[in-house]
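Colleague: Have you got a minute to go through this one with me? I'd like to start with the contact between the chains.

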Amino acid sequence: MANLALDALLREFDDKRPRGLARAISWAESGRGADLIAHLYPRIGRAMTIGLTGPPGVGKSTLSSALVKKARSLGKTVGVISVDPSSPFSHGALLGDRIRLTEHFVDPDVFIRSMASRGHLGGLSGATADAVMLMDAFGLDVVLIETVGVGQSEIEIAELAQTTLVALQPGSGDSIQVLKAGIMEIADIFVVNKADHPMANQLRREIRAMMEMLSFSGWVPELAMTQAVTGDGIDDLWRAIDSHVVYLNESGEISRKRREAFAHQVRQLALGRLQARLERHLYDDTRIDLDPYAAADEVLAHFGVYGGEEPEPALAAARPRAVVRGLTGHDG
Amino acid sequence: MANRPLRIVVAKAGLDGHDRGAKVIARALRDAGMEVIYTGLFQTPEQIVQTAIQEDADGIGLSILSGAHMTLFPLVLDQLKAQDAADIVFFGGGTIPPEDADELKKRGVKAVFTPGAPLQEIIDFVQAECGKRRELVG
C-alpha cells in the first residue's frame, strides 16, 4: 500500500509535475521522507543552494523575489523555501512570504513552498533539509532558502546552504550590533538592503570596520548594497554569489561544506529519533523525589547508558572562520 | 503522518482591495491549528491555483467583496479542473447574494459564507471537509 503510493509519487516526480514535488515535501514534513529520499538521493547535489537570513522586516522576501528574477533572466529554474514561525500554542501558522513573490506564481520554472517552523528552533523547520534535497532532485537549478528571521542565533542555515546571505538594514542599532556573535559570523555575503536609507553608508562602514579587524583564512565575506524593491544592486549581489560558488569549487571548500551539511542532517535525524524515545520515559522515570541528575541517570539506563561523568556541553569542534588581527601567531 | 496540520490557501482575487475579512479568517484558521498561506491581494485564478498546488494545500478559501464573484469563483473552478487539482476543497465568502451562493455551490464551490457567519462555523467546515480530503490523499 505504502509502496504503491510511493511508486505513484515517484512517477509524478519523474514526470516533472509540480504536484509530485509538492506532495513529496508534504511527505517529508509528516515524517515519511525516508523511502523517498532513499530513492532520490543519487540525483542530489546539482543545485546551487543559497540561504537568506536577517531580522524581520529587512526585506528577505523582497530580496528573494529579486534574486528569483535574476536567476530566471539567466535561464535557471528556481525553488524557494520560505520558513515562517508556527504558534507554540495552537501549532497553527500564518505563512505570508508569498505576498512578495506573486510575480513568479505562474512561472512554471519557479516553485515556491512556504514551511511552518513547527517548533523547530534555529530559523528553519525540521523538514527544510529534506525539502532542499527534493527540490534539488526535482532538477531545480537554484534553491533559495529564506529563514524565519527572528533572532541573532539563526545560524543553522549556514549548515544547509552553500552560500549564506545575511541581510541587514540601516538604522537598526549601533556598531555593537555588528560585533555580536552568531548571525554575523555566518555571512558569506553581507547584504545591506534599503540602500537608499540615509544611514546605509554608516552601516556599510561599520561592517567594513568589523571585517578589517579580522583576518580571514580563505573566503573574505563580500558586502553588497541593494534596494530589493527596485532591483538596484541585485546584479552585484548575484556576482558576489557567483564568485563565492567559484571560490567553494576552486578551493575544495565545497567538499568540506558537504561533509558538514551531511553530518548536520544525520545529527538532526538521530537526535530527533532519540528525543522521541526519550520523551516516552520522561514522565515515568523522572520522579519528583529524585534530583534531576539522578533522574537523568534512570532515563538513560533505558538506552544502555550508565552513570559516568557529565560530558562537556555538546559543542561541535570550534572552527573559527576568522581571527582578530594581531592576536595570532603564537600557536601557528 | 497523523497530525500534520491542515494547510489552507486564503486568497483575494481580481480588483478587490479589501482584505480585512480574509485576514480575520486567516487568523481564525491559524488559531484553530492550521497552516494558512495568504496570497496577498489582486491574484488571478491561475496564481491562486498554482499556489495551492505548490503548497500542497488541502483547501482554498477565496474572499470576494467586489461583486465579481460570479466571474472569479467559476474561473478558479475551471483552473482546478484544468490543473488536475479538483480534490482541493474550494470554498469562499464575501458579499454574495443567496441566489448567487446557491448557483456557485451547484457549480462546485463547497461552501459560501456571507457576512455574519460565525467563525466557528467556518472552522468546523474547513476541518471537516479538508480533513476528508487529507484522508483521501494522504
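Modeller: We can take the contact, then the sheet, then a couple of residues. Keep in mind that this is a predicted model.

Colleague: Fine. How many residues does each chain put into the contact?

Modeller: Chain A gives 28 residues and chain B gives 27 residues.

Colleague: Which elements of chain A supply at least two residues each?

Modeller: Helix 2 (18-29), strand 3 (93-95) and strand 4 (110-116) of chain A. Helix 2 of chain A has the largest share, with seven residues.

Colleague: And how do the residues on that side of chain A divide into nonpolar, polar and charged?

Modeller: On the side of chain A that touches chain B, 13 are nonpolar, nine are polar and six are charged.

Colleague: On to the sheet. What is the order of the strands?

Modeller: It is an open sheet of six strands, in the order 3(A)-2(B)-1(B)-3(B)-4(B)-5(B), and the pairing is parallel.

Colleague: How many bridges join strand 3 of chain A to strand 2 of chain B?

Modeller: Three, and the two strands run parallel. L94(A) has V36(B) as its bridge partner there.

Colleague: Which strands stand at the edges?

Modeller: Strand 3 of chain A and strand 5 (112-113) of chain B. Each has a single partner strand, so one side of each has no neighbour in the sheet. For strand 5 of chain B, that partner is strand 4 (residues 89-94) of chain B, joined to it by two bridges. G92(B) is opposite V112(B) in that pair.

Colleague: Which strands does helix 3 of chain B touch?

Modeller: Helix 3 (residues 69-82) of chain B packs on the sheet against strand 3 (59-64) and strand 4 of chain B, at about 170 degrees to strand 4 of chain B. Helix 5 (residues 119-137) of chain B lies across strand 1 (7-12), strand 3, strand 4 and strand 5 of chain B, at about 165 degrees to strand 4 of chain B.

Colleague: Different topic. Is V148(A) buried or exposed?

Modeller: Buried, because 25 other C-beta atoms are within 10 Å of V148(A) and the cut-off is 20 or more. V148(A) is in the loop between strand 5 (142-146) and helix 6 (157-160) of chain A.

Colleague: And where is I189(A)?

Modeller: In strand 7 (residues 189-192) of chain A. I189(A) also counts as buried, with 21 C-beta neighbours inside 10 Å.

Colleague: What does I189(A) touch?

Modeller: Leaving out residues up to four places away in sequence, its contacts include T163(A), L165(A), P221(A) and H244(A). The C-alpha atoms of I189(A) and L165(A) are 5.0 Å apart, with their positions 24 residues apart in sequence.

Notes:
Residues are numbered from 1 along each chain as its sequence is written. Chains are lettered from A and ligands numbered from 1 in the order in which they are written. This is a predicted model: local features need pLDDT of at least 70, side-chain atom pairs count only at pLDDT 80 or more; totals for chains, interfaces and linings use all residues. Two residues are in contact if their C-beta atoms, placed from the backbone, lie within 7 Å. Helices (H or I, at least four residues) and strands (E, at least two) are DSSP runs, numbered from the N terminus. Ala, Val, Leu, Ile, Met, Phe, Trp, Tyr, Cys and Pro count as nonpolar, Asp, Glu, Lys and Arg as charged, and the others, Gly among them, as polar. Two strands pair if DSSP finds at least two bridges between them. Axes are lines fitted to C-alpha atoms, for helices over the stretch in contact, and angles run from 0 to 180 degrees between N-to-C directions. A residue is buried if 20 or more other C-beta atoms lie within 10 Å of its own, exposed if 12 or fewer, and partly exposed in between; C-beta atoms are placed from the backbone.
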